[in-house]
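User: Hello! I am new to this structure and would like to learn how to read it. Could you take me through it step by step?

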Amino acid sequence: QVQLVESGGGLVQPGGSLRLSCAASGRIFSINSMAWYRQVPGKEREFVARLTTGGRPNYADSVKGRFTISRDNAKNMVYLQMNSLNAEDTALYYCYSDVTLSTDGSTYYTWGQGTQVTVSS
């Protein structure tokens with residue numbers, strides 16, 4: 001119904017920056033919220049940031065002041081600007097969205113495949 005494709009991950013040195021992108025496509029009537037989560041092997045997936053339509057962004061305490069989430073509503077995209085990266089930010093980053101479907105007006109929740117971010121010198 002809806003697909004999310006992330007991009008922008010990679011290897012960066014401590015203190016560096018990366019910008020992740022996530023594109024949503026499919027039977028979208030409207031996007032209610034888009035968010036980023038991350039996961040490291042052996043740990044549960046954790047919340048990073050979320051932006052609801054018309055709302056204010058929410059951030060995990062661990063990334064406040066360093067990460068910024070933004071959206072391009074016209075393109076159905078969400079971005080995550082990550083600054084001052086450190087080793088603890090190393091993870092597989094997932095995009096998450098809940099949308100109202102154009103087919104029947106129901107709410108649809110979906111995840112992307114993930115993009116790897118590695119912070120290492």
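User: Let's start with one residue. Which residues does T68 touch, not counting those up to four places away in sequence?

Analyst: A word first: this is a predicted model. Contact here means heavy atoms within 4.5 Å. Leaving out residues up to four places away in sequence, T68 touches Y59, Y79, L80 and Q81.

User: Where is T68 placed, and is T68 buried or partly exposed?

Analyst: T68 sits in strand β7. To judge burial, compare the relative accessible area with the cut-offs: buried is under 20%, exposed is over 50%, and partly exposed is in between. T68 has 42% relative accessibility, so it counts as partly exposed. You can also look at spacing: T68 and N58 are ten residues apart along the chain, and their C-alpha atoms are separated by 9.5 Å.

User: Now the whole chain. How many helices and strands does the chain have?

Analyst: There are zero helices and eleven strands. Reading from the N terminus, the order of elements is β-β-β-β-β-β-β-β-β-β-β.

User: What does the radius of gyration say about the chain?

Analyst: The idea is to set the value beside the one expected for a compact globule with that number of residues. For 121 residues that would be near 14 Å, and the chain has 14 Å, which agrees. For the extent along the principal axes, the C-alpha trace spans about 50 × 25 × 25 Å.

User: How can I read the surface and the charges of the chain?

Analyst: Begin with burial: 40% of the 121 residues count as buried. The chain exposes about 6,500 Å², and carbon and sulfur atoms supply 46% of that area. For the charges, compare the mean positions of the two signs: those of the 11 positive and 9 negative charges are 5 Å apart.

User: What share of the contacts joins residues at least 24 apart?

Analyst: Taking contacts between residues at least 6 apart in sequence, 57% join residues at least 24 apart.

User: What should I look for inside the chain?

Analyst: Here is the general idea: in soluble globular proteins, nonpolar side chains tend to be buried together. In this chain, the largest nonpolar core has 29 residues. Those with the most contacts inside this core are M34, W36, V48, F67, L80, M82 and Y93. Strands β1, β3, β4, β5, β7, β8, β9 and β11 each supply at least two residues of the core.

User: Which strand gives the most to this core?

Analyst: That is β9, with five residues.

User: Can we compare T68 with a residue in another strand? How about A49?

Analyst: Good choice. A49 lies in strand β5. Its relative accessibility is 0%, so A49 counts as buried. Leaving aside neighbours within four places in sequence, A49 is in contact with A35, W36, N58, Y59, I69 and L80. A49 and T68 are 19 residues apart in sequence, yet 8.0 Å apart in space, C-alpha to C-alpha.

User: How do I read a loop residue such as S17?

Analyst: Use the same steps of place, burial and contacts. S17 is in the loop between β2 and β3. With 39% relative accessibility, S17 counts as partly exposed. Beyond its neighbours within four places in sequence, S17 is in contact with V12, Q81, M82, N83, S84 and L85. The C-alpha atoms of S17 and F67 are separated by 9.5 Å, although these residues are 50 apart along the chain.

User: S84 is in that list. What is phi of S84 near?

Analyst: Phi of S84 is near 50°, a positive value in a residue other than glycine. S84 lies in the loop between β8 and β9 and is partly exposed, with a relative accessible area of 43%. N76 also has a positive phi, near 55°. N76 is in the loop between β7 and β8, and at 23% relative accessibility N76 counts as partly exposed.

User: One more loop, please. Where is G114, and what is G114 in contact with?

Analyst: G114 is in the loop between β10 and β11. Not counting neighbours within four places in sequence, G114 is in contact with E6, L92, Y93 and Y94. G114 is partly exposed, with a relative accessible area of 25%. In space, G114 and D72 are 20 Å apart, C-alpha to C-alpha, and in sequence they are 42 residues apart.

Notes. Residues are numbered from 1 along each chain as its sequence is written. This is a predicted model: local features need pLDDT of at least 70, side-chain atom pairs count only at pLDDT 80 or more; totals for chains, interfaces and linings use all residues. Side-chain values use heavy atoms; hydrogens and water are left out. Helices (H or I, at least four residues) and strands (E, at least two) are DSSP runs, numbered from the N terminus. The radius of gyration is taken over C-alpha atoms; the globule rule is 2.2 Å times the number of residues to the power 0.38. Buried means under 20% relative accessible area, exposed over 50%, partly exposed in between (1.4 Å probe, protein chains only). Accessible areas come from the Shrake-Rupley method with a 1.4 Å probe; for residues, only the protein chains shown count as cover. Lys and Arg count as positive and Asp and Glu as negative; His and the chain ends are not counted. The place of a charge is taken as NZ of Lys, CZ of Arg, CG of Asp or CD of Glu. A nonpolar core is a set of buried Ala, Val, Leu, Ile, Met, Phe, Trp, Tyr and Cys residues joined through side-chain atoms within 4.5 Å.
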